[in-house]
Amino acid sequence: MNVPVITGRLQHVLHAPFTVESGAVLPRVTVTYQTWGELAPAGDNAVLVCHALTGSADVADWWGALIGPAGALDPARDFIICSNTLGSCYGTTGPGSPEWDAVFGAQPEAPAVTVRDVVHVQRALLEALGVRRLRLVIGGSMGGMQALEWALLYPDLVEAIAVLAAPAVHAPWAVALAEVQRQAIFADPEWPLGRAARGLATARMMGMISYRSAQAFETRFAAGRLDPAQPYVTRWLHRHGARLVNRFDARAYVTLTHVLDSHDVGRGRGGVPAALAQLQQPALVVAIDTDVLYLPHEMRALAAALPRGELCWLTSPHGHDAFLIEQEIVLRAVREFRASIR
């Protein structure tokens, strides 16, 4: 099966109802995705890219440096796929779509789907596209959680994984940060039937504090304390809050933060060490030295517990978001990793 080079957004409807881990059944699931390159006749040259919390299927928009002849993912040899996550708001079934609301209603405070549900939907898409082998599953943050679950749920399909700034389990610290963001949304008078713009903007501002580092804030905003012409940190936070309101949905944000909280590779597998010991694929683990969301010791422990884990330290002042900001460094690390496992 040959799949041509694709540059636009595509959609696929799963051929059967989809049952999530909780037992709820979605009668219809639509998946929005993009691809770059061509699928080989044997279906064995695919690379799956998994996006972060508020990302989309358009990898070129948020990780563009990684795709291309000089990139870590080359459409000349790789069939690159990225699908929008189940529960998001960029075309894949999620809050606001009739099939979702008929099952989960308009009150999404309770968790609806998990990281494993997200991966199972991706698997159904790839099967429909004719993918029989994944050379690599790569993702950062929530995307890295998906990469780990891919290796555990479908070990015979996945040759290697790259996990950037994502731990083996969503620890209490990270759960607490997600919960206060949800509470900001719930406190909005428009929740859940309106846009809850103020609540979503506040949640995003809280999130941005955890996505960067104290060092980055000091470097960028210290002068603003004395010079009114400089960008004050408050203006920067409000700007990021407003930008998310303009492009995202409050109910999807609540849903996907619960997806983050569901992340625990050890759940139902005898604990984290036992689960990670099962992974025999080469695994690149990229840790960020200033990450205050997924802490360096968590990433070090993940790499150490993987039988074929390779730890790469990304030294950056930018905190958790360095996996998006420091694209040239990430490109080199992934390219070298792929070269080492050929």
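Helices and strands here are DSSP runs, numbered from the N terminus. I'm working from a predicted model.

**Entry 1: odd backbone spots**

I started with Ala165, which lies in the loop between S8 and H5. Its phi is near 50 degrees, a positive value in a residue other than glycine. That caught my eye because most residues other than glycine have a negative phi. Is Ala165 buried or exposed? Ala165 comes out buried, since its relative accessible area is 1% and the cut-off for buried is under 20%.

Next I went to the loop between H5 and H6, where Ala196 sits. Ala196 also has a positive phi, near 50 degrees. At 0% relative accessibility, I noted Ala196 as buried. Pro192 has its place in the loop between helix H5 (172–186) and H6. I checked the bond leading into Pro192: from Trp191 to Pro192 the peptide is cis, with omega near 0 degrees. Most peptide bonds are trans.

**Entry 2: strand S9 and its neighbours**

How many of the six residues of strand S9 are buried? I got six of the six for residues 283–288, so the strand is largely enclosed by the rest of the structure. I then looked at each face of S9 in turn. Ala283, Val285 and Ala287 are buried on one side, and Leu284, Val286 and Ile288 are buried on the other.

Then I looked up the pairing. Strand S8 (residues 161–164) runs parallel to S9, with four bridges between them. From the S8 side, I found Leu164 bridged to Val286 in S9. Strand S10 (residues 309–314) is also parallel to S9, and six bridges join the two. There, Ala283 has Gly309 of S10 as its bridge partner. With helix H11 (residues 296–305) added, S9 and S10 make a right-handed β-α-β unit.

**Entry 3: two helices**

Helix H3 covers residues 115–129. I found 21 Å from its first C-alpha to its last, close to the 21 Å expected at 1.5 Å a residue. Eleven of the 15 residues of H3 are buried, so I wrote the helix down as mostly covered. The buried set includes Val115, Val118, Val119, Leu125 and Leu129. I also noted Arg116, Asp117, Gln122 and Arg123 among the buried residues. Right after H3 comes Gly130, with a positive phi near 90 degrees.

Helix H8 (residues 233–247) got the same kind of check. Its 15 residues should span 21 Å at 1.5 Å a residue, and the end C-alpha atoms are 22 Å apart, which agrees. The buried residues of H8 are Trp236, Leu237, His240, Gly241, Leu244 and Val245. That spacing made me recall that an α-helix has 3.6 residues a turn, so residues three or four places apart point the same way. What covers the buried residues of H8? The cover includes helix H6 (197–211), helix H7 (214–221) and helix H9 (250–261).

**Entry 4: cysteines**

I searched the whole structure for disulfides and got zero. Cys89 is in none, and the nearest cysteine sulfur, that of Cys82, is 14 Å away. Cys89 counts as partly exposed because its relative accessibility is 26%. Cys312 is in no disulfide either, with the nearest cysteine sulfur, that of Cys50, 19 Å away. At 21% relative accessibility, Cys312 counts as partly exposed.

**Entry 5: Ser97**

Last, I looked at Ser97, in the loop between strand S6 (79–83) and helix H2 (98–104). Where does the side chain of Ser97 reach? I found the backbone oxygen of Gly94 at 2.6 Å from it. Ser97 counts as buried because its relative accessibility is 15%.

Methods:
Residues numbered from 1 in each chain as written. Predicted model: local features only at pLDDT ≥ 70, side-chain atom pairs only at ≥ 80, totals over all residues. Heavy atoms only, no water. Buried < 20%, exposed > 50% of the residue type's maximum accessible area, 1.4 Å probe, protein only. Polar contact = N/O pair within 3.5 Å; in protein donor to acceptor, adjacent residues only side chain to side chain. Disulfide = S-S within 2.5 Å. Pairing = 2+ DSSP bridges. Right-handed = clockwise from strand over helix to strand, strands pointing away. Expected span 1.5 Å × (residues − 1). Contact = heavy atoms within 4.5 Å.
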